[in-house]
Amino acid sequence: MRRFIKEPISEVHEAIRALVDAADAHLERDFDTAAAKFEEANCPITWEWLNNAWTGVSKNVVFWNPESDSECVPKSQRDPDRAIKSSVKKAVLERDGYRCRYCGLPVVHADIRKIAHGLYPSAVPWNSRKPAEQHAAFQVCWLQYDHVKPHSHGGMSSLENVVISCALCNFGKDRFTLKQLDIEDPRLREPVPSDFDGLERLRGSGPPKIRTSPLSEENTRPKTPLAHKPRKTSESFFFPRAYVSAGYVNVPPVAGKARWFKIGSPVEAEIVERNGVQGCIVRCPREMIDRRGIDANEYLDRPASKPGP
Ligand SMILES: [Zn+2]
């Protein structure tokens, strides 16, 4: 396989849908649902889908020097504006909309992610230095401006040479040419019009200013109803065949849909066996089970009697 662009799997589409639902719930001031949906969008399978392809880009390229390809040009011949001017970005976004021109994934501006992180710091984790601590759906949807012809090959930072791209297509494409990657020039296809607004409707709904210092953050973040929730009592739920991986409990499909829980306050997990069935106990407030569309009563842990179905 030479192509670096991977077809998004169903979990990626579901994570993006959860992101959209989270934004809608937030604007309806249903902060609990918004937090739950942001958590759902932070899906470990989506995270792996992206991050596996993100690293080691060069292994996706087989023909380094395909015939009649453009070549690296000396620095003196490159566009001195490697960084794309904001006026060009604006025009590119107006033309392409919030959709990757290579693969069609919806994309979201980093500003919107910062707003979501400011509002829901635990449901939307983001550590700029550690991809492992970045929210999966916001990574996948990260709006990028990509030089179709690489800057190093003389590609200009112009409206003609820059397209909107998702994080995977931009970082996965790296410094390689379309020929080296064996992908079609996205400019040969018209941008596909879309209703997706890049969750821009969250602008203005965030805190007045996103603080980065933990000290000032503590004192100045506007109080959302999330901050005042009384602690809820945890109960134990047993999920047959559930397993723990990369800090998440993964629950096999219930009614055709897989679920996961991020381990950490208030979620605790323990691998156990109930009546000969290997599984995982998740200890958390009942609301977290309900929010995932699972009947909590069916999965209440009953160590002495028959486990739930
Ligand atoms: Zn893409």
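Two residues are in contact if their C-beta atoms, placed from the backbone, lie within 7 Å. With that in mind, I would like to begin with one residue, Phe237. Please keep in mind throughout that the structure above is a predicted model.

Phe237 is found in strand β3, which covers residues 234-240. Is Phe237 buried or exposed? There are 25 C-beta neighbours inside 10 Å, and Phe237 therefore counts as buried. Setting aside residues up to four places away in sequence, Phe237 touches Ile281, Val282, Ile289, Ala296, Tyr299, Leu300 and Asp301. A further pair deserves mention here: Phe237 and Arg286 are separated by 49 residues in sequence, and their C-alpha atoms are 8.7 Å apart in space.

Let me now turn to the chain as a whole. The protein chain contains 11 helices and 8 strands. It has 309 residues, of which 32% count as buried. If we take the contacts between residues at least 6 apart in sequence, 72% of them join residues at least 24 apart.

I come next to the helices. Two packed helices are described by the angle between their axes and the distance between the axes. Consider helix α1, residues 10-27, and helix α2, residues 31-41. Their axes are 8 Å apart and meet at an angle of about 165 degrees. How should we describe the directions of these two helices? Angles over 145 degrees count as roughly antiparallel, and α1 and α2 are therefore roughly antiparallel to each other. Their crossing is left-handed. On the α1 side, the contact is made by Ala15, Ala18, Leu19, Asp21, Ala22, Ala25 and His26. On the α2 side, the residues are Phe31, Thr33, Ala34, Lys37, Phe38, Glu40 and Ala41. Sorted by character, the residues of this contact comprise 9 nonpolar, 2 polar and 3 charged.

Helix α1 also packs with helix α3, residues 44-54. Here the angle is about 115 degrees, and the axes lie 9 Å apart. The crossing of α1 and α3 is left-handed. Glu11, Val12 and Ala15 of α1 make this contact with Ile45, Thr46 and Trp49 of α3. The residues involved divide into 4 nonpolar, 1 polar and 1 charged.

Before leaving the helices, let us return to α2. How many of its 11 residues are buried? The number is 8, and α2 is mostly covered. The buried residues are Ala34, Ala35, Ala36, Lys37, Phe38, Glu39, Glu40 and Ala41. The elements that cover them include α1, α5 (110-119), α6 (136-140), β6 and α10 (286-291).

Strand β6 brings us to a sheet. Three strands form an open sheet in the order β4-β5-β6, with antiparallel pairing. Which strands are at the edges? They are β4 (243-245) and β6 (257-262), and each pairs on one side only. From one strand to the next, the twist averages 30 degrees. Strand β5, residues 248-254, is joined to β6 by 5 bridges. Within this pairing, Tyr248 stands opposite Lys262, and Val249 has Phe261 as its bridge partner. The hairpin of β5 and β6 has 2 residues between the strands, and Ala255 in this hairpin takes a positive phi near 50 degrees.

That last value leads to my final topic, the backbone. Most residues other than glycine have a negative phi, and most peptide bonds are trans. Which places in this model depart from that pattern? Besides Ala255, with its positive phi, I shall name three.

Asp174 is not a glycine, yet it has a positive phi of about 55 degrees. Asp174 lies in the loop between α7 (167-173) and α8 (178-181). It counts as partly exposed because it has 14 C-beta neighbours inside 10 Å.

Asn275 has a positive phi as well, near 50 degrees. Its place is in the loop between β7 and β8 (277-285). With 10 other C-beta atoms within 10 Å, Asn275 is exposed.

Lastly, the peptide bond from Ser265 to Pro266 is cis, with omega near 5 degrees. Pro266 is in the loop between β6 and β7 (268-274).

To close, I invite you to locate Phe237 in strand β3 once more, and then to find the cis bond between Ser265 and Pro266. Thank you for your attention.

Conventions:
Residues numbered from 1 in each chain as written. Predicted model: local features only at pLDDT ≥ 70, side-chain atom pairs only at ≥ 80, totals over all residues. Axes fitted to C-alpha atoms, helices over the stretch in contact; angles between N-to-C directions. Helix = DSSP H or I, 4+ residues; strand = E, 2+ residues; numbered from the N terminus. Parallel < 35°, antiparallel > 145°, perpendicular 65-115°, else oblique. Left-handed = near helix turned anticlockwise from the far one by under 90°. Nonpolar A, V, L, I, M, F, W, Y, C, P; charged D, E, K, R; others polar. Pairing = 2+ DSSP bridges. Buried ≥ 20, exposed ≤ 12 C-beta atoms within 10 Å, placed from the backbone.
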